[in-house]
Each structure stands twice: as C-alpha cells, then as structure tokens.
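Biologist: Hello! Could you walk me through this structure, starting with its rings and then turning to how its helices pack?

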Amino acid sequence: ILIKEADKAKNCALSDSYGSSIPEDYPWGSNMTIANNGMLMYMAADLTEDDSYKAAAALQLDYLLGSNTTGYCFVSGFGDLGPEHPHHRPSQAIGKAVPGMVAGGPNSNLEDPYAQNVLKNLPKAHCYADSDQSYSCNEIAIYWNSPFIYLLSSVMSQN
C-alpha cells in the first residue's frame with residue numbers, strides 16, 4: 001500500500017506545474033498533506049532505492065517554501081512572502097508571527113467566513129489567505145510541522 005500511495009503522490013507531483021502532490025481539492029491543512037506525501041515518497045525511495053521518489057519529494061519542500069501558485073513560503077518568518085497573520089493565539093498576543101511554523105495552506109472548501117468572503121471563485125490551489133480570521137487556511141498546528149521537519153531533513157541530507 002505504501003508504494004501504491006507513493007506512486008499516486010509522485011505521479012501527481014510530476015504532472016503538476018508547481019509539483020503539488022494534491023490531485024484535486026485542497027483540504028483543510030493541505031500543507032500537512034503536501035509534507036506527508038513528501039515523507040511518504042522518501043519512505044518509498046528507501047524501500048525501492050528509486051531516486052525518482054526523492055526528486056518528487058523535494059518538489060513538496062519547494063512547494064512549501066514558495067514554489068506554489070500563491071507564491072507564499074508557508075513557513076512563518078522565512079521567504080519574501082510568508083504568513084504574517086496566522087490563526088495562532090500566541091502570535092496574535094505578541095502582534096507578530098512566531099517564526100518556524102507551517103501554516104495550513106490553501107483550502108478549496110472555504111470553511112470559514114473570511115475565506116468564504118475573500119476567496120470565493122478562485123482556483124482551488126489559490127484558496128489561501130494570510131489572515132488570523134481565516135482559521136481554515138492559516139491555522140497553525142504542531143502536527144503540520146512534524147512531517148515538514150522530516151521532509152526538510154531528508155532533502156537536506158541529500159545535499
């Protein structure tokens with residue numbers, strides 16, 4: 001099953017202009033899906049010794065760091081354009097984003113009032129808003145950072 005799912009993610013990533021491994025709708029926490037798919041592809045590379053999985057996994061890191069339709073680096077505190085207003089109480093309390101957090105990312109289901117008003121009629125991969133009011137796009141969750149760290153360390157160990 002692991003290889004079958006890794007093949008799906010790899011094929012999707014290699015056929016997408018931005019390397020996204022999400023084939024259709026972008027779910028709540030889509031960046032976790034991107035990072036998890038990258039992690040899955042690295043596991044498949046280890047099992048099969050097929051480096052094409054590693055190349056597709058690296059595209060997932062590129063996506064998270066800004067090579068995506070929004071142009072956002074989805075890690076706070078990094079890149080020229082990154083999350084500055086995450087739905088994250090500690091960041092809201094200090095008035096700036098705590099660095100190093102992965103934002104949820106595009107959510108084509110528009111599951112909060114802010115997203116519904118600002119993002120309607122946009123292409124699915126564009127449905128992201130850097131607003132603390134958009135909890136369905138810009139929420140922070142520790143379990144989104146975990147696969148990102150795995151992916152980051154895997155890609156960096158290749159260089």
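Biologist: How many aromatic pairs does the count come to?

Modeller: Happy to help, and please keep in mind that this is a predicted model. Rings of Phe, Tyr and Trp pair if their centres lie within 6.5 Å. By this rule the count of aromatic pairs comes to six.

Biologist: Let's take one of them: are the rings of Tyr72 and Tyr128 stacked, tilted or edge-to-face?

Modeller: The centres of these two rings are 4.9 Å apart, and their planes stand at 70 degrees. Planes over 60 degrees apart count as edge-to-face. The pair of Tyr72 and Tyr128 is therefore edge-to-face.

Biologist: How many residues apart in sequence are the parts that this pair of Tyr72 and Tyr128 ties together?

Modeller: Tyr72 lies in the loop between α3 and α4 (89–94). Tyr128 lies in the loop between α5 (113–118) and α6 (135–138), so the pair ties together parts whose separation in sequence is 56 residues.

Biologist: Is Tyr128 buried or exposed?

Modeller: Its partner Tyr72 has 16% relative accessibility and counts as buried. The relative accessible area of Tyr128 is 6%. The cut-off for buried is under 20%, so Tyr128 is buried.

Biologist: Which residue forms an aromatic pair with Tyr128 at 5.0 Å centre to centre?

Modeller: The planes of this pair are 85 degrees apart, which makes it edge-to-face. The partner lies in the loop between α3 and α4 while Tyr128 is in the loop between α5 and α6, so the pair ties together parts that are 54 residues apart in sequence. At 0% relative accessibility the partner counts as buried. The residue is Phe74.

Biologist: Which residues do ring pairs link into a cluster?

Modeller: We have already met Tyr72 and Tyr128 as a pair, and Phe74 as another partner of Tyr128. The cluster linked by ring pairs consists of Tyr63, Tyr72, Phe74 and Tyr128.

Biologist: Now the helices: are α2 and α7 parallel, perpendicular or oblique?

Modeller: Helix α2 (residues 30–48) and helix α7 (residues 142–158) have axes 8 Å apart and pack at an angle of about 40 degrees. The contact brings residues of α2, including Met39 and Tyr42, to residues of α7, among them Trp144 and Leu151. The crossing is left-handed. By its angle, α2 is to α7 oblique.

Biologist: At roughly what angle do the axes of α1 and α2 cross?

Modeller: The axes of helix α1 (residues 2–15) and α2 come within 9 Å. Among the residues that meet there are Leu2 and Ala9 in α1, and Leu40 and Leu47 in α2. The crossing is left-handed, and the two helices are oblique to each other. Their axes cross at roughly 125 degrees.

Biologist: What is the handedness of the crossing of α1 and α3?

Modeller: These axes come within 9 Å and cross at roughly 60 degrees. That makes α1 oblique to α3. Ala6 and Leu14 are among the α1 residues in contact, and Ala56 and Leu59 are among those of α3. The crossing is left-handed.

Biologist: Over the ring of which residue does the charged end of Lys10 sit?

Modeller: Lys10 is one of the α1 residues that meet α3. Its charged end is 4.4 Å from the centre of the ring, and that ring belongs to Tyr53.

Biologist: How far apart in space are Ala58 and Leu151?

Modeller: Ala58 has its place in helix α3 (residues 51–64) and is partly exposed, with a relative accessible area of 22%. In sequence, Ala58 and Leu151 are 93 residues apart. In space, C-alpha to C-alpha, the distance between them is 7.9 Å.

Key. Residues are numbered from 1 along each chain as its sequence is written. This is a predicted model: local features need pLDDT of at least 70, side-chain atom pairs count only at pLDDT 80 or more; totals for chains, interfaces and linings use all residues. Side-chain values use heavy atoms; hydrogens and water are left out. Helices (H or I, at least four residues) and strands (E, at least two) are DSSP runs, numbered from the N terminus. Buried means under 20% relative accessible area, exposed over 50%, partly exposed in between (1.4 Å probe, protein chains only). Rings of Phe, Tyr and Trp (its six-membered ring) pair if their centres lie within 6.5 Å; planes under 30 degrees apart count as stacked, over 60 as edge-to-face and the rest as tilted. A charge sits over a ring if NZ of Lys or CZ of Arg is within 6 Å of the ring centre and within 35 degrees of the ring normal. Axes are lines fitted to C-alpha atoms, for helices over the stretch in contact, and angles run from 0 to 180 degrees between N-to-C directions. Angles under 35 degrees count as roughly parallel, over 145 as roughly antiparallel, 65 to 115 as roughly perpendicular and the rest as oblique. A crossing is left-handed if the near helix is turned anticlockwise from the far one by less than a right angle, and right-handed if clockwise. Contact means heavy atoms within 4.5 Å.
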